[in-house]
Amino acid sequence: MNQLINFDEKNKVFHLHNDQISYLLSIEDGKTLAHLYFGKAIKEYHGQLRYPRVDRGFSGNLPGSLDRTFSRDSLPKEYSTAGEIDYHTPAAVVRQKDGSNALFLTYEGYKIVDEKPDLKGLPHSFVENKDEAETLIVTLIDEKSKVKFELSYTIYRDRPVITRSVRVVNDGNDAVNIEKVASMQIDFVDRNFESITLPGAHAHERRVERSKINQGIHVYASHRGTSSHQMNPFLALVDPETIECTGDAYGFAFVYSGNHKFEVEKDQFAQTHVNIGIDDFNFNWELKPEASFQTPEVLMVYSDQGLNKMSQAFHSLIHDRVIRSKYKDQVRPILVNNWEATYFDFNEDKLKPIVDDAKEMGIEMFVLDDGWFGHRDDDNSSLGDWKVFKKKFPNGLDHFADYVHQQGLKFGLWFEPEMISIDSDLYKKHPDYLMHVPGRTPSPSRNQYVLDLGRKEVRDNIFDQMDQILSSNKINYIKWDMNRHLSDIYEADLPSSRQGEVYHRYVLGLYDLLERIVDKYPDLLIEGCSGGGGRFDAGMAYYNPQIWASDDSDAIDRLSIQYGTSLVYPQSMMTSHVSVSPNEQNGRITPFNTRGVVAMWGDLGYELDLTKMSKEDRQAVKEQVAEYKKIRKVTQYGTFYRLKSAQTSNQCAWETVSLDKNETVLSVVRVMASAQPDLTKTKLVGLDPQKHYEDQETHEVYGGDELMNLGLYDPVERGDFKAKMYHFKAID
Ligand code: GLA
C-alpha cells in the first residue's frame with residue numbers, strides 16, 4: 001500500500017496525497033506551520049510554492065528578528081492565534097492567568113498514524129479498515145503558557161477529502177480559558193473566490209446563496225444553540241466560473257449540531273483566510289492543567305469538476321463513513337405520518353382507518369406524531385412526560401402498535417426529548433431541569449422550554465422515560481424533534497466562572513443521550529427533525545440516517561429546499577412527503593403527480609389523511625408507491641446530479657444513476673406555464689455512452705450518448721407546476 005502522508009525532513013514539508021488530491025504544509029523558519037497547497041493531486045513537491053520573502057509595510061516580523069521579509073501576517077498559515085503579529089481573524093484565543101490572550105505557536109513535533117482516531121463524545125467520520133486512511137497530527141506549542149494545539153489531518157485513500165480537528169492540551173501549571181477554538185484554518189493564495197452558503201428560516205431552509213468574496217471579514221454563523229434553519233454549517237468556495245459540472249470547488253461541512261462560525265477573510269494581499277469551528281459567542285471553556293479540549297471535526301472536499309462532484313464526495317463520505325445506522329444500506333420504508341392529517345385531534349379509533357388504508361396502498365410504516373403522550377391536546381403541555389395519553393389510547397400504546405404490526409406495517413413514534421412544558425409532571429417534580437438563569441424569567445418559544453441537557457441527571461431522567469417506551473420492542477422508528485432554539489443559557493451544575501461552557505455542554509449532552517439510545521436500540525431507525533430541517537447537519541447524520549427536510553411540504557418550495565440540501569447531504573438522508581393541495585403551509589395548488597415526483601427525490605412518505613382522499617388520488621398513491629418501490633434503490637443510493645435549479649430558472653431537474661450505470665431516474669419540474677413556451681431540453685449525465693437504455697414507460701430505446709448529448713425535449717404542457725419522471729434501464 002502506498003503511503004498517503006510523507007514528510008520531507010530536509011525541506012520540512014508534509015505531503016498528504018492520494019490519486020485525487022494533495023494537501024501540503026511546511027514548517028517555515030523552523031517554527032511556523034505554513035499552508036502551501038490544497039487541490040488537485042501532484043505526484044511530488046519540489047518547493048515551487050515556498051513563501052516568497054517580501055518586506056511588507058505594516059506586516060510585522062518575528063519577535064526579536066531583524067529579518068523584515070518574514071511576517072506571520074502575510075505567510076499563509078495553518079493556524080493563527082491572537083497576540084502574535086498576525087492580524088487575521090484568529091483561529092484560537094486563549095486567556096491566561098496574567099489576563100493576556102497572547103499566544104505564539106511554534107512547531108513542536110508530528111505523528112503519523114495509519115488510521116483515523118475516534119473523537120470521544122463527538123460524532124465524526126470513521127474508517128472501516130485501517131488501510132483506508134492515514135492521519136497526521138502536528139503539535140504546536142505556546143512556550144510561555146505551555147498550551148499545546150494538536151492539529152489533526154486525515155486523508156482517505158479513495159476520496160477527495162481531508163478531515164480536520166484540533167485538540168488543545170494544557171501542559172502548563174495554571175488554568176487557562178479557551179475563548180475561541182476553530183477546528184481548522186486554511187489560507188488560500190491567488191484565488192478570486194465566491195462563497196456558497198445555505199441560509200434560510202423555518203419552513204424555508206437551505207436556499208443556495210452565492211456571493212463574491214471582497215476584502216473584509218465575512219461571517220456565516222449560528223448562535224441559536226443548534227446548527228439551525230438560519231445558517232447550515234456548510235460553506236463552499238468556488239471560482240467565479242464554477243458551475244454544476246465544471247470548475248474548482250472547495251466544500252467544508254462541520255460535523256456538529258450546535259453553534260458554529262465560518263469566517264472567510266479576504267486580506268490586504270487578496271489571500272483568503274478561512275476559520276471554521278464552534279461559534280465563540282458566549283463560549284469560554286476552562287482548561288485546567290493536564291486537561292484537554294477536543295474540537296468537532298470539519299470535512300473538507302476538493303472537486304475539480306464543479307459542484308456536483310463536490311456533492312457526490314460529501315454524499316459518499318457521509319453515507320459510507322459518518323452514518324452508522326444499520327439502515328444506511330437498506331431501502332427506506334415508505335411511511336404515512338399523521339401530523340398534517342390530524343394534528344393533535346386524534347385517537348386510536350381515528351387512526352386505525354388511516355393504518356388500514358396505508359396497508360391497502362402498499363405503504364410500509366405508520367408514524368404516530370406529536371400528541372400521543374401526557375395530556376397533550378395542543379402544543380401547550382406535556383413535553384417531558386413520555387407516558388401514553390390514556391384518553392387517546394385507552395388500551396395503551398402497545399395495543400395500538402400491535403394493530404399497526406398486524407396490518408403488516410412498521411410502527412414509528414414521535415419524541416421531543418430535549419424539551420419541557422411548564423404544564424407537565426416533569427416540571428412539577430423538577431422545575432430546575434428547565435434551562436434558565438437564576439432570578440430571571442425564561443423566555444418561552446412555542447410555549448415550551450429547553451431542558452438543561454448538560455446535566456447527567458436530566459439526561460438520565462429522559463433516557464429512562466424513553467427506555468420505558470422503547471423496551472416494549474414494538475417501536476421500529478422514532479422521529480427525534482426539537483421545536484425551539486436555546487435561550488436563557490445557564491447550567492445549574494456549573495459555577496459562575498464556567499457558564500461560557502453551557503452551549504457546548506448542551507450539545508455534548510445531546511450526543512450522549514443519542515449515543516445511549518443508539519447503543520441500546522441498534523435496530524431503531526431514527527429520523528432527525530427540528531421544526532422541519534433545523535438540524536440538518538453532518539453531526540446528526542452520525543445518529544440519524546434520515547432527517548425531515550422542512551416543515552414546508554409544498555412541492556414547489558421543496559424544489560429549492562431539497563436542491564440546497566443536496567449540496568452536502570445524500571438523498572437517502574432527506575425525507576420528503578406528499579401532502580394535501582392546497583398546501584397547508586402556503587396554500588399553493590399543485591398536481592398530485594408533481595407532489596409525488598418531488599417527494600421521490602428523497603425518502604418518500606405521505607403526510608395527509610389517506611381516508612379523506614378522492615378515488616383518483618387513492619389510486620394515484622397506489623401507483624406512486626408501486627413505482628417508488630421500483631426506483632428507490634437508485635434514487636436513494638445512486639450517484640446524484642443536479643441539472644437545473646428552480647432558484648435560478650423556471651425548471652428544476654435532478655438525476656440519479658446507479659453505481660453500475662445500468663439504471664437512471666431523471667425528474668424534471670417546470671414551475672410556471674407560458675402561452676408561448678420556449679422549447680427546452682434536459683441532457684442526462686453520468687451514463688455509459690456505449691450502453692443502450694430503455695425508457696421503462698414507453699419502451700423506447702436510446703443510446704447513453706444520445707441521452708447525454710442530444711438530451712430529451714421537456715414536455716410542453718398546459719398548467720403550472722407540471723412534472724415528469726423518467727426511468728431508464730440499460731438493455732445491453
Ligand atoms: C415539528 C415537525 C413536524 C411535526 C411537529 C409536531 O414542527 O417538524 O413534522 O412533527 O413538530 O409538533
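In the predicted model, Val255 stands opposite Glu297 in β20. This pair belongs to the contact between β15 and strand β20 (residues 297-303), which run antiparallel and are joined by seven bridges. Strand β14 (residues 234-238) also runs antiparallel to β15, and five bridges join these two strands. Here Leu237 has Tyr250 of β15 as its bridge partner.

Strand β15 (residues 249-255) is mostly covered, with seven of its seven residues buried. The cover extends to both faces of the strand. On one side, Ala249, Gly251, Ala253 and Val255 are buried; on the other, Tyr250, Phe252 and Phe254 are buried. Tyr250, the partner of Leu237, and Val255, opposite Glu297, thus lie on the two opposite sides of β15.

The ligand is surrounded by 13 residues, of which Asp369, Asp370, Lys479, Gly532 and Asp551 are the closest. Polar side-chain atoms of several residues lie at short listed distances from ligand oxygen atoms: 2.4 Å for Asp551, 2.6 Å for Asp370 and 3.0 Å for Arg446. Taken alone, the ligand exposes 300 Å², and the protein buries 97% of that area.

At the surface, Leu679, Tyr713 and Val716 make a nonpolar patch of about 370 Å². Val716 is placed in the loop between β37 (712-713) and β38 (722-730). Val716 counts as exposed because its relative accessibility is 57%, and the cut-off for exposed residues is over 50%.

How values were computed:
Residues numbered from 1 in each chain as written. Predicted model: local features only at pLDDT ≥ 70, side-chain atom pairs only at ≥ 80, totals over all residues. Heavy atoms only, no water. Patch = residues over 30% accessible without salt bridge, like charges linked within 9 Å, V, L, I, M, F, W, Y side chains within 5 Å. Areas by Shrake-Rupley, 256 points an atom, 1.4 Å probe, with all protein chains shown as cover. Salt bridge = Lys/Arg side-chain N within 4 Å of Asp/Glu carboxyl O. Helix = DSSP H or I, 4+ residues; strand = E, 2+ residues; numbered from the N terminus. Buried < 20%, exposed > 50% of the residue type's maximum accessible area, 1.4 Å probe, protein only. Pairing = 2+ DSSP bridges. Near = heavy atom within 4 Å. Polar contact = N/O pair within 3.5 Å; in protein donor to acceptor, adjacent residues only side chain to side chain.
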